[in-house]
Amino acid sequence: MTISFEIPEHVQQQADMAKMAAEFFMRPASRELDENEHQRPDIFVQNIWPVMREMQKKTLDKLAMPPTDGEKKPERQSTQNLRLMLMIEMLSWGDAGVYLCLPGGSLGGAAIEAVGTPEQKLRFLRRFAEGEIPSWGAMAMTEPGAGSDTSAIQTTAVFDKEANQWVLNGEKIFCTNGKLALDESDGLVVVWASIDRSAGRAGMRPFVVEAGTPGVKVTKTEIKHGIRASDTASIVLDNARIPADNILGSPEVQREGGGGFKGAMATFDATRPLVSASALGIGRASLEFVKEKLAEESVEILYNLPYHKLSAIQRDVLEMEAQLKAAYLLTLRAIILLDQRQPNNLESAMSKAKAGKVVTQISQKAVELLGPMGYSREWLAEKWMRDAKINDIFEGTGQINTLIVARRILGYSSKELG
Amino acid sequence: MVSFTPTPEQQQLIDTVRRYAANDIRPITHESDEGGGFPASVIDKGWQIGLVPTAIPEALGGLGEMSALTGALAAEELAFGDLSAALAVMTPALFAYPVSLYGTEEQREVWLPPFLEEKAPKVTAALLEPGIFFDAHDLKTTATLEGAKVRLNGAKAYVPLAGDADMMLVYAKNSETGGADAYLVGRGADGLEIEGEEKLMGLRALSTYRVKLNDVRVDLPSRLGGAAGFDYQVVLNRSRVALAALAVGVARASFEYARDYAKERQAFGAPIATKQAIAFMLAEAAIEVDAARLMVWEAAWQLDQGQDASKAAYLAKQYADKAALTVTDSGVQVLGGYGFIREYPVERWLRNARGFTTFEGLAIV
């Protein structure tokens with residue numbers, strides 16, 4: 001092992017292809033999709049689906065392979081998450097709202113991949129790897145009364161022994177892609193519910209709810225500040241019955257040690273840096289655009305001048321660039337740890353806290369620096385600012401991620417540092 | 001492939017420097033800062049870790065392993081001990097590295113072997129200049145060619161250990177080309193005036209000097225790199241990476257101290273670290289330290305790959321300069337009133353960190 005920043009060529013090639021897709025299928029439609037909220041980004045979806053299907057098929061094929069015994073070759077560092085990071089960054093450079101409509105399992109798929117049994121993985125994830133028509137996955141955790149404090153979740157799952165089914169009741173909100181997953185495709189939603197309200201967080205479990213399940217209904221899609229191309233759904237579960245083995249993790253409640261909940265929360269370690277990656281893409285778009293427009297006005301950004309020789313604008317741009325790079329490197333580190341199959345809870349929270357904050361600031365600064373044109377809907381800078389903000393909110397707000405960092409560096413439990 | 005794990009050799013070096021910082025530097029930082037600096041024996045021991053001889057070309061008896069990344073790893077650990085001590089230990093490199101990289105064959109053969117000795121040669125380099133508008137790319141010190149001689153004029157500041165130095169590398173603007181030259185100037189040169197020790201806000205355990213050059217005449221062969229000169233930008237890049245790595249070390253020192261303090265200090269019936277107001281300051285400090293370090297590593301890696309690291313080095317230094325200041329300020333804040341008392345180290349780290357936006361050319365990897 002040695003410290004290196006070398007992105008393998010085949011990974012870079014994929015990122016370049018993602019950038020091309022962003023240029024051809026996302027940017028030209030960006031404004032229109034933002035102005036017409038909830039319009040489906042068909043051109044992007046149609047063109048990207050065969051690519052995603054192929055990628056997901058490869059992942060699934062690996063899962064389906066029986067574990068090989070005997071001599072094991074020294075495992076090479078995986079590039080799975082690195083590829084994903086750079087691809088997401090580039091697609092979000094194209095359009096972060098449209099990126100969220102990327103066909104596939106999304107956060108729901110990630111949860112299944114992280115904590116599902118091999119059988120569950122094959123059963124649930126197959127739909128994201130085949131067919132002419134794409135499908136989507138989603139994750140439903142938030143409720144009207146339970147945001148960052150997931151222990152306040154009211155949705156219940158009661159086991160019906162006779163029918164060998166779980167019966168879900170409750171209301172979920174802010175479910176990204178909920179409508180795509182349930183109403184517009186043969187997708188699935190991973191729903192968080194309590195199997196024992198008296199057990200608090202230890203009683204929380206994720207359940208796979210498939211499209212077409214009776215008693216599951218999308219009741220609303222939010223109108224939002226940004227990422228308007230992506231649907232954010234409210235879902236009502238009214239005696240929704242799902243098979244017994246649609247529970248992810250153990251159906252037993254272990255009151256000590258957090259049990260299944262803790263394991264399931266670990267999916268966030270994998271998904272947070274991917275949200276950071278999306279933020280980075282918006283930051284990159286904003287910064288590149290500002291530099292391009294400044295260059296047209298003969299304002300050049302130099303990397304050699306002492307502070308007193310920099311104009312206020314140059315200082316701002318350099319600060320944006322340094323901050324974006326810092327967020328990029330923190331994200332890269334969290335991602336590489338994932339690919340090395342090492343714990344990354346601290347690093348993942350760091351990347352998300354940093355990227356969410358600085359990309360929000362960068363995109364806001366871009367609007368400022370571009371003056372009357374920055375604020376105009378003629379250009380995309382104002383849209384990127386609106387798109388950026390969500391990255392400091394979903395998958396754990398900046399504050400929640402900072403809290404996780406604080407607990408890790410201090411060695412405190414959530415009880416000791418609330 | 002991207003990875004953030006040092007090589008086993010680098011890890012060994014980190015451990016060695018960490019032990020040196022903990023056992024030799026830390027116990028005497030306070031008194032060294034209050035007056036007198038570090039004892040020569042402590043700085044000698046730092047020299048004996050062998051950072052510079054490793055970088056000297058193999059042909060001359062060194063190991064020929066000049067890695068900016070390895071240098072940056074060591075620099076962070078040294079500064080974690082103390083910034084003044086770190087700069088004192090690293091001062092010989094200010095002379096040895098540019099000569100290693102760009103010296104003519106003759107210059108290397110003559111000037112480098114002393115760096116393989118048990119004791120460090122007494123050398124330094126003069127880059128910074130007094131005045132509020134210093135610009136490394138527009139030096140006010142001039143070098144004017146006069147036949148086979150060169151005439152140097154100007155004033156230098158923050159020249160570390162110049163009081164004892166037998167030789168120093170002086171950076172000056174070539175009056176003809178406008179580019180940067182560097183000249184080897186011996187202690188006794190006519191017109192070279194080492195003024196009194198500077199009195200600074202921080203770095204109080206490091207002796208730095210103002211140096212005046214009044215028509216100092218040097219022979220042409222003492223021009224670094226001879227007629228070909230040298231790549232000033234690379235020297236600046238290496239210096240920026242070194243200083244940024246040192247800034248990370250200072251910031252980390254303050255962060256770790258404040259973190260440990262906050263877990264001990266009781267208020268309202270609990271350790272103050274259990275309050276989000278304190279815990280968040282510490283969390284943000286941890287993020288900034290890590291972010292700055294990653295930027296340093298990337299720039300250092302680019303240098304080692306032979307890539308143009310100008311942009312990465314500039315941004316890393318800009319970032320680390322700021323991070324060091326905010327993190328060390330938080331350190332003082334977490335300690336409250338005690339933070340303001342000189343018996344506690346956090347105020348020293350704040351004073352030292354404040355200097356990084358000024359420092360240029362004080363260290364090199």
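1. Let us start with a term that will be handy further down: two residues are in contact if their C-beta atoms, placed from the backbone, lie within 7 Å. With that settled, please keep in mind that this is a predicted model.

2. Chain A is a good place to begin. It is divided into domain 1, covering 9–67 + 75–128, then domain 2 at 137–255 and domain 3 at 264–410. Taken over C-alpha atoms, the centres of domain 1 of chain A and domain 3 of chain A are separated by 21 Å.

3. How do these two domains meet? On one side, 25 residues of domain 1 of chain A are in contact with 23 residues of domain 3 of chain A. Helix H1 (9–35), helix H3 (80–99) and helix H4 (106–115) of chain A each bring at least two residues to the domain 1 side. H3(A) gives the most to that side, with 14 residues. Sorted by class, the domain 1 side has 14 nonpolar, eight polar and three charged residues.

4. Chain B comes next, with domain 1 (8–119), domain 2 (124–228) and domain 3 (232–357). Here the C-alpha centres of domain 1 of chain B and domain 2 of chain B lie 22 Å apart, and 18 residues of domain 1 of chain B are in contact with 15 residues of domain 2 of chain B. Helix H2 (29–34) and helix H6 (83–102) of chain B are the elements that give two or more residues to the domain 1 side. H6(B) gives the most, with 11 residues. That side divides into 10 nonpolar, six polar and two charged residues.

5. Do look at helix H11 (residues 346–354) of chain B. Why can H11 of chain B be called largely enclosed by the rest of the structure? Seven of its nine residues are buried, so the rest of the structure largely encloses it. The buried residues are Val346(B), Glu347(B), Arg348(B), Trp349(B), Leu350(B), Asn352(B) and Ala353(B). They pack against H2 and H6 of chain B, as well as helix H8 (232–264) and helix H10 (310–335) of chain B.

6. Finally, the two chains touch each other: 37 residues of chain B are in contact with 37 residues of chain A. On the chain B side, H8, helix H9 (276–304) and H10 of chain B each supply at least two residues. Which helix gives the most to the side of chain B that touches chain A? It is H9(B), with 14 residues. By class, this side of chain B divides into 22 nonpolar, eight polar and seven charged residues.

How values were computed
Residues numbered from 1 in each chain as written. Chains lettered and ligands numbered in written order. Predicted model: local features only at pLDDT ≥ 70, side-chain atom pairs only at ≥ 80, totals over all residues. Domains from an automatic or database assignment. Helix = DSSP H or I, 4+ residues; strand = E, 2+ residues; numbered from the N terminus. Nonpolar A, V, L, I, M, F, W, Y, C, P; charged D, E, K, R; others polar. Buried ≥ 20, exposed ≤ 12 C-beta atoms within 10 Å, placed from the backbone.
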